[in-house]
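Biologist: Could you take one helix in this model and walk me through what packs around it? I'd like the close-up in one go, and you can widen the view once we're done there.

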Amino acid sequence: MAQARPEETGPASVSPPSLWRDRDYMYWWSGNGLSTLGTSVSTLAFPLLVLHLTGSAAQAGVITVLHMVGRLATLAVGGALADRVSRRAILCLVPLVQAVSMGVVALLVYSGDPSMTAIGAMALLSGLAAGLRVGVSMPVLRRIVPKEQVAAATAQGMGRDMVAQLIGAPLGGLLYTMGRWIPFLFDAVSFLFVTLGSLLIRRPLGPDRHPDDGPRASLAKDVGDGLRMIRRSDYLVFTLIWGAVLNAVAEGFILLFVVLVQHRGGGPTAVGLATSLAVTGGVIGAVLGPLLMGKLGARRVLIISAWVFMASFAVAVSVSQPWQIGLVVMVGMVSMVPMNVVTESYEVRLVPDQYQGRVAATSRFFVQGVQWIGPLGAGILADAVGVERAVLVLAAAMALLAITLHAARRYVKVLDIPLADVEELPLPGAVPTGEESRPAAPPEDDVPATATGTTTLGDPQQR
């Protein structure tokens, strides 16, 4: 018999204890935080190493691309595996693969004249493992955290990762000066803490198997089932498309932000200071996100944040000093993080546990699969019309995204419900009872039957 999840235990009237006092959550939070810190260190060290070995910025870019391609290649598969095999096993074994890949890089660099082919292969292997691990992260978080604290946990994870990035860049530079192989060894060791933390978690992480379950479907069908579950929900379809466009715009702005600082006369130090301010804004946004959701409601937070983020684009163009640009972008990042907190928290609450891995991985695959369009398009646009005008074009695109939130209220109506009260989407074949479900129409000869009982953004077969 499956054990109850955290939100299914205890009196409904008793508020859950602070997440910081939850031992399982702290194992999860700290293990992933140390891993993110290690990744931030090696992310800085990789291009420095390749530039030292080859002097080629293009080859440094290839290493990054190999990691990204590997990650995208296994994202959807990782989500499907998370819903069919032990999530704890994935969390314990996959980081070991990542540790080995970074350990091999450290050994190659330590030994003297490392092969670029070997380094590229290890970057690809690390990316493949990262995709599998991302697929299991959301389902595990849902098992560890009570439903009313999902938003807080999501925000704390984002804040943790931004702090890790803030510390990781200077730490990576320091370790690299001590020895070119040290950052990669540091990253390798950091992955071991994910495995250790996963072993120490006491709660069952799923997925649950029941005696009356039928034979397992193929992995390809599981991936397709994740996409079909997304199509059952207006909200999930909308945020998948909207979030993908938002991510591309944000990535483009991050590139132009650096170019704009340089255009205003800022050197590497100024770029570093402005970047630190931006990351600090993200940390502040992670703290404010859940608080604002409780005070204003999720939909208002999403809309206000979108408009503030858009305004930061326009204001960044109007100021003259690099530090002023950094402050403006800091405000923009304060608003950016709550948007992610809202969309991810409601996705976790809507999707049944049996589909968490597939849906989360499919969503991230689409969102991350188009993010490269933002920096590429923004760079081309800046070369063609100038960096200021390029930023204003992105501001216009962000304004359209904000307007869309007003026009698409029917698709995000679930955000008007407090997060803890959101009901899961019905499983295929179940009678719809959730917020996004409608009563079935009475059987009539001239009314075609639908497969899901919900509305989506147009006919799925026409999208």
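Modeller: Let's start where α13 meets α14: Ala-378, Leu-381, Ala-382 and Val-385 on the α13 side touch Val-387, Arg-389, Ala-390, Val-393 and Leu-394 on the α14 side. By class, that contact has 8 nonpolar residues, no polar ones and 1 charged residue. Keep in mind that we're looking at a predicted model. As for geometry, α13 covers residues 373–385, and its axis sits 7 Å from that of α14, with a packing angle of about 135°. That makes the two helices oblique to each other, since an angle has to be over 145 degrees to count as roughly antiparallel. The crossing of α13 past α14 is right-handed.

Now turn to another partner of α14, namely α8. Helix α8 runs over residues 234–263 and α14 over residues 387–407; their axes come within 10 Å and cross at roughly 155°. This angle is over 145 degrees, so α8 and α14 count as roughly antiparallel. The hand here is left, with α8 passing α14 in a left-handed crossing, whereas α13 passes α14 in a right-handed one. The residue list goes like this: α8 brings Phe-238, Trp-242, Val-245, Leu-246, Val-249, Gly-252, Phe-253, Leu-256, Val-259, Leu-260 and His-263, and α14 answers with Val-387, Glu-388, Ala-390, Val-391, Leu-394, Ala-397, Met-398, Leu-401, Thr-404 and Leu-405. Sorted by class, you get 17 nonpolar, 3 polar and 1 charged. If you compare the lists, Val-387, Ala-390 and Leu-394 of α14 turn up in the contact with α13 and also in the contact with α8.

One residue of α14 deserves its own stop, and that's Met-398. Its relative accessible area is 0%, so Met-398 is buried. Setting aside neighbours within four places in sequence, Met-398 contacts Leu-246, Ala-306, Phe-309, Met-310 and Phe-313. Leu-246 is one of the α8 residues in the contact with α14, and Phe-309 and Phe-313 are among the α10 residues that meet α8. Val-249 of α8 is also worth finding on your screen: its C-alpha is 7.1 Å from that of Met-398, with their positions 149 residues apart in sequence.

That brings us to α10, which spans residues 298–318. The axes of α8 and α10 come within 11 Å and cross at roughly 25°. That is under 35 degrees, so this pair is roughly parallel. As with α14, α8 makes a left-handed crossing when passing α10. Trp-242, Leu-246, Val-249, Ala-250, Phe-253 and Leu-260 of α8 are in contact with Leu-302, Phe-309, Ser-312, Phe-313, Ala-316 and Val-317 of α10. The class count is 11 nonpolar, 1 polar and no charged residues. On the α8 side, Trp-242, Leu-246, Val-249, Phe-253 and Leu-260 take part in this contact and in the one with α14 as well.

Since you're happy to widen the view, here are a few spots elsewhere. Gly-31 lies in α1, residues 23–54, and is buried, at 4% relative accessible area. Beyond residues up to four places away in sequence, Gly-31 touches Met-26, Phe-193 and Val-194. The C-alpha atoms of Gly-31 and Val-194 are 4.5 Å apart, although 163 residues separate them along the chain. Compare Gly-173, in α5 (residues 150–178): with 22% relative accessible area, this glycine is partly exposed. From Gly-173 to Ala-45, the C-alpha separation is 7.1 Å, across 128 residues of chain.

There's a backbone detail to check too. The peptide bond from Gly-206 to Pro-207 is cis, with omega near 0°. Pro-207 sits in the loop between α6 (182–200) and α7 (219–231). For context, most peptide bonds are trans.

Zooming all the way out, the protein has 14 helices and 0 strands. Of its 463 residues, 49% are buried. Among contacts between residues at least 6 apart in sequence, 87% join residues at least 24 apart. The accessible surface adds up to about 21100 Å², and carbon and sulfur atoms account for 66% of that.

Conventions:
Residues are numbered from 1 along each chain as its sequence is written. This is a predicted model: local features need pLDDT of at least 70, side-chain atom pairs count only at pLDDT 80 or more; totals for chains, interfaces and linings use all residues. Side-chain values use heavy atoms; hydrogens and water are left out. Axes are lines fitted to C-alpha atoms, for helices over the stretch in contact, and angles run from 0 to 180 degrees between N-to-C directions. Helices (H or I, at least four residues) and strands (E, at least two) are DSSP runs, numbered from the N terminus. Angles under 35 degrees count as roughly parallel, over 145 as roughly antiparallel, 65 to 115 as roughly perpendicular and the rest as oblique. A crossing is left-handed if the near helix is turned anticlockwise from the far one by less than a right angle, and right-handed if clockwise. Contact means heavy atoms within 4.5 Å. Ala, Val, Leu, Ile, Met, Phe, Trp, Tyr, Cys and Pro count as nonpolar, Asp, Glu, Lys and Arg as charged, and the others, Gly among them, as polar. Buried means under 20% relative accessible area, exposed over 50%, partly exposed in between (1.4 Å probe, protein chains only). Accessible areas come from the Shrake-Rupley method with a 1.4 Å probe; for residues, only the protein chains shown count as cover.
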